[in-house]
Amino acid sequence: MELWFTEAHTKNVRFSVKVDKQIYTTTSEFQRIDIFESAEFGRILALDGCFMLTEKDEFVYHEMITHVPMCVNPDIKKVLLVGGGDGGTARELLRYQTIEGIDLVEIDEEVVTACRKYLPQTAACLGDSRINIYFEDGLKYVRHCEGEYDLIIVDSTDPFGPGEGLFTKEFYGNCFKALTEDGIMVNQHESPFYPKDAEAMQRAHKRIAESFPISKVYQMHIPTYPSGHWLFGFAAKKHHPVKNADFAAWEKLGIKTRYYNPNLHVGAFALPTYVQDMLAAEEKTKK
């Protein structure tokens, strides 16, 4: 008998991967957590029936959410990572010797526990001395921070369930307050392709643009996410994500990547016309 894990992208579209076996499952206080073994994608982490990462393509997401802001401001020392309990973003951040501390705020301790046991490719780094892990609600945590972080990365789930509060105007406003004067915020920004995802993306962009003087969007392509076309938000107090990027300094670091590179950095901000139009519509209506 064949076993398949299927995620519903819309009422009319489903994405399936053949799995060899289910190696872990639990229902935490916040969500259902499943880990599968597959021939094509390796181990798969799913939350509430949705792909969060696979061993085969996680590098795309984690490199693009990390190396873009690190290239723009090479002086980043203190980072707030909201979500990211799988460890992939923290792993990429730790490749920079200049990073002095990462405060990882993950609402669901069960995610970290499962990933440490079954997904060492991403989670093995979580014992690093530069990481402090707090099992709290990121929305509440950031309320009490002011001028503390050089970079905030919002590595959240979709804006439904546990991740919903991380897409609010209150949260983005508090992130602005929590950043230093040179601070940058990057967030996973959903997909522009299917209507439900696109609406969430537009709402997030409007709220971020209301809070930050610089608010841009960039893209990546990851096979296991809905439509394969995914966006990140880049927001900053001073730094433009392309004009202020120091590509020469980044290349001198000698960091080996599989997806990110300086040319791609520039190109990622060149968005399709239909995405530009959706973002422009929200920018016009911001108050």
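The exercises below, each with a worked solution, concern a predicted model of a protein chain.

**Exercise 1. Overall form**

Determine how the radius of gyration of the protein chain compares with the value for a compact globule.

Solution.
- Step 1. Start from the chain length, which is 287 residues.
- Step 2. For a compact globule of that length, the radius of gyration would be near 19 Å.
- Step 3. The protein chain has 18 Å, so the value agrees with that of a compact globule.
- Step 4. Add the dimensions: the C-alpha trace spans about 55 × 45 × 35 Å along its principal axes.
- Step 5. Add the secondary structure: the protein chain contains ten helices and 13 strands.
- Step 6. Look at sequence separation. Of the contacts between residues at least 6 apart in sequence, 67% join residues at least 24 apart.

**Exercise 2. Surface and charge**

State what share of the residues is buried, and describe the exposed area and the charged side chains.

Solution.
- Step 1. Buried residues account for 56% of the 287 in the protein chain.
- Step 2. The exposed area is about 12600 Å², and 49% of it is supplied by carbon and sulfur atoms.
- Step 3. Count the charges: there are 32 positive and 42 negative side chains.
- Step 4. Compare their positions: the centres of the two sets are 3 Å apart.

**Exercise 3. The nonpolar cores**

Find which residues have the most contacts inside the largest nonpolar core, and which helix gives the largest share of this core.

Solution.
- Step 1. Recall the general tendency: in soluble globular proteins, nonpolar side chains tend to be buried together.
- Step 2. The largest nonpolar core here has 56 residues. Those with the most contacts inside it are Leu 45, Met 64, Tyr 218, Met 220 and Phe 234.
- Step 3. Helix α1, residues 58–72, gives the largest share of this core, with nine residues.
- Step 4. Another core, of 20 residues, lies apart from it; Leu 139, Ile 152, Tyr 172 and Met 185 are among its members.
- Step 5. Return to Leu 45 and leave aside neighbours within four places in sequence. The contacts of Leu 45 then include Ile 33, Ile 35, Phe 51, Met 52, Cys 115 and Leu 119. Asp 34 and Asp 86 are also in contact with Leu 45.

**Exercise 4. Positive phi in two loops**

Where are Asp 48 and Ser 227, and what are their phi values?

Solution.
- Step 1. Set the background: most residues other than glycine have a negative phi.
- Step 2. Asp 48 is not a glycine, yet has a positive phi of about 50 degrees. Asp 48 sits in the loop between β5 (42–47) and β6 (50–54).
- Step 3. Ser 227, also not a glycine, has a positive phi of about 75 degrees. The loop that holds Ser 227 runs between β12 (214–221) and β13 (229–236).
- Step 4. Check accessibility. Asp 48 is at 46% relative accessibility and therefore counts as partly exposed; Ser 227, at 32%, is partly exposed.

**Exercise 5. Two strand residues**

Val 19 and Glu 181 both lie in strands. Decide whether Val 19 is buried or exposed, do likewise for Glu 181, and list what each touches.

Solution.
- Step 1. Val 19 belongs to strand β2, residues 14–19. Its relative accessible area is 7%, and the cut-off for buried is under 20%, so Val 19 is buried.
- Step 2. Not counting residues up to four places away in sequence, Val 19 touches Leu 3, Trp 4, Phe 5, Phe 36, Glu 37, Ser 38 and Ile 44.
- Step 3. Glu 181 belongs to strand β11, residues 179–188. At 53% relative accessibility, against a cut-off of over 50%, Glu 181 counts as exposed.
- Step 4. With the neighbours up to four places away again not counted, Glu 181 touches Lys 237 and Lys 238. Glu 181 and Lys 238 are 57 residues apart along the chain, and their C-alpha atoms are separated by 7.5 Å.

**Exercise 6. Two residues of helix α7**

Which is buried and which is partly exposed: Ala 204 or Arg 207?

Solution.
- Step 1. Place both residues: Ala 204 lies in helix α7, and Arg 207 is found in helix α7, residues 195–211.
- Step 2. Ala 204 has a relative accessible area of 1% and is buried.
- Step 3. Arg 207 has 27% and is partly exposed.

Note on methods
Residues are numbered from 1 along each chain as its sequence is written. This is a predicted model: local features need pLDDT of at least 70, side-chain atom pairs count only at pLDDT 80 or more; totals for chains, interfaces and linings use all residues. Side-chain values use heavy atoms; hydrogens and water are left out. A nonpolar core is a set of buried Ala, Val, Leu, Ile, Met, Phe, Trp, Tyr and Cys residues joined through side-chain atoms within 4.5 Å. Buried means under 20% relative accessible area, exposed over 50%, partly exposed in between (1.4 Å probe, protein chains only). Helices (H or I, at least four residues) and strands (E, at least two) are DSSP runs, numbered from the N terminus. Contact means heavy atoms within 4.5 Å. The radius of gyration is taken over C-alpha atoms; the globule rule is 2.2 Å times the number of residues to the power 0.38. Accessible areas come from the Shrake-Rupley method with a 1.4 Å probe; for residues, only the protein chains shown count as cover. Lys and Arg count as positive and Asp and Glu as negative; His and the chain ends are not counted. The place of a charge is taken as NZ of Lys, CZ of Arg, CG of Asp or CD of Glu.
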